[in-house]
Amino acid sequence: MPLSMPVNADGYITVQADTAHIPYGKRLSDYSGCGWIAAFNFMKAMGQSPNAEALSQQLGRGWFSGRLGTGPLRLRRSLQAQGFRFKTACTFRGASALAKNARAGILLYVHSQGLHYVAFLRQDADRQTYLNVGPGCETFTATLDIFRRTYAKTPFCYILVPA
C-alpha cells in the first residue's frame, strides 16, 4: 500500500516532521530525510510528478544507509539520472547569482543543528520561497541574502539550479 504523503495545498512537502512514517535508510524521514524531500519538491516545481517513496528508498541507500542524511553528490547524481543538468556554487555569493534566474533549485546549508536541504521556488527577480525550512517555518519567502542571515550559521552552502 502506498504511503500517504504530507503535502500542502500546492503539492509540496513543507513539514519534515510529518514524514515520520516514511523510512529513510536505517532512520525515518523526519530525522534525516531533508535531501529526498528537497529533491521531491524540486522535481514538483520543475513540472514532474515525483514518486516520494522511490526517492526516499533510492537516496536512503547512501551515506551510512541514511544515518547521515543525503550526500550532495548522491543527490545531484540521482537528479541527473532523472534528466536534470545543473549549475552549482559553494558560496552564498555564487549561490545568489545562480538563484536569481533559476525557476527552482536546491540549497544545502549549515543551520544551528547541522546540515539541511531546502528546495526553493522563484517568486520574482530577487526573492525565492524556501520549502521545509524547519520547525515552525514551513515556508520562507525572501532574498537568498536574507535567508542566509536568518538561517545559515556558516558561509558554506551548496546550491543546485537547472543549467
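## A walk from the pocket to the cores

By class, the largest pocket is lined by 16 nonpolar, 14 polar and four charged residues. Before going further, keep in mind that this is a predicted model. That lining comes to 34 residues, and if you want to find the middle of the pocket, look for Gln16, Tyr31, His111, Leu115 and His116, which lie nearest its centre. The space inside is about 810 Å³.

Which helices and strands each supply at least two residues of that lining? They are helix H1 (29-32), strand E4, strand E5, strand E6 (127-134), strand E7 (137-143) and helix H6 (144-151). Strand E5 gives the largest share, with four residues. Keep E4, E5 and H6 in view, as they come back below.

Now turn to the nonpolar interior. In soluble globular proteins, nonpolar side chains tend to be buried together. Here the largest nonpolar core has 29 residues, and the members that touch the most others are Trp36, Phe42, Leu75, Leu79 and Ile106. Several elements put at least two residues each into this core: helices H2 (34-45), H3 (52-59) and H4 (72-81), along with strands E4 (104-111), E5 (114-122) and E8 (156-162). Helix H2 makes the largest contribution, nine residues.

Ile106 is a good place to see how this core is put together. Setting aside neighbours within four places in sequence, Ile106 is in contact with Ala38, Ala39, Phe42, Leu75 and Leu79, and also with Tyr117, Val118, Ala119, Phe120, Tyr158, Ile159 and Leu160. There is also a second, separate core, this one of 19 residues, with Val118, Phe120, Cys157 and Val161 among them.

Phe120 deserves a closer look. This residue sits in strand E5, and its relative accessible area is 1%, so it is buried. With neighbours up to four places away left out, Phe120 is in contact with a run of residues that includes Ala102, Arg103, Ala104, Gly105, Ile106 and Leu107. Gln128, Thr129 and Tyr130 are also among the contacts of Phe120, as are Ala99, Ile159 and Val161. Gly94, on the other hand, is 26 residues from Phe120 in sequence and 16 Å away in space, C-alpha to C-alpha.

One of those contacts, Ala104, is worth following up. Ala104 belongs to strand E4 and counts as buried because its relative accessibility is 0%, with the cut-off for buried set at under 20%. Beyond residues up to four places away in sequence, Ala104 touches Phe42, Ala45 and Met46, and it also touches Phe120, Leu121, Val161 and Pro162. The C-alpha atoms of Ala104 and Gln128 are 8.4 Å apart, with their positions 24 residues apart along the chain.

Next, the aromatic rings. The structure holds nine aromatic pairs. How are the rings of Tyr109 and Phe147 arranged, with their centres 5.1 Å apart? Their planes stand at 80°, so this pair is edge-to-face. Tyr109 is in strand E4 and Phe147 is in helix H6, so the pair ties together parts that are 38 residues apart in sequence. Both rings belong to buried residues: Tyr109 has a relative accessible area of 1%, and Phe147 is at 0%.

Phe147 has another partner in Tyr151. Those two ring centres are 5.2 Å apart and the planes meet at 40°, so the pair is tilted. Phe147 and Tyr151 are both in helix H6, four residues apart, which is about one turn of the helix. Tyr151 counts as partly exposed, at 21% relative accessibility; buried would need a value under 20%. Tyr109, Phe147 and Tyr151 also join Phe120, Tyr130 and Phe140 in one aromatic cluster.

Two last stops. In strand E6 you'll find Asn132, whose phi is near 65°, a positive value in a residue other than glycine. Asn132 counts as buried, at 2% relative accessibility.

Is Ala9 buried or exposed? Ala9 is exposed, with a relative accessible area of 86%. You can find Ala9 in the segment before strand E1 (23-24). Ala9 and Lys100 are 91 residues apart along the chain, and their C-alpha atoms are separated by 25 Å.

Technical notes: Residues are numbered from 1 along each chain as its sequence is written. This is a predicted model: local features need pLDDT of at least 70, side-chain atom pairs count only at pLDDT 80 or more; totals for chains, interfaces and linings use all residues. Side-chain values use heavy atoms; hydrogens and water are left out. A nonpolar core is a set of buried Ala, Val, Leu, Ile, Met, Phe, Trp, Tyr and Cys residues joined through side-chain atoms within 4.5 Å. Buried means under 20% relative accessible area, exposed over 50%, partly exposed in between (1.4 Å probe, protein chains only). Contact means heavy atoms within 4.5 Å. On a 1 Å grid over the protein atoms alone, a cavity is a set of points where a 1.4 Å probe fits but cannot get out, and a pocket is an open set with protein on both sides within 12 Å along at least five of seven lines; lining residues have an atom within 4 Å of a point. Grid points are joined across faces, edges and corners, and a volume is the space filled by probe spheres set on the points. Ala, Val, Leu, Ile, Met, Phe, Trp, Tyr, Cys and Pro count as nonpolar, Asp, Glu, Lys and Arg as charged, and the others, Gly among them, as polar. Rings of Phe, Tyr and Trp (its six-membered ring) pair if their centres lie within 6.5 Å; planes under 30 degrees apart count as stacked, over 60 as edge-to-face and the rest as tilted.
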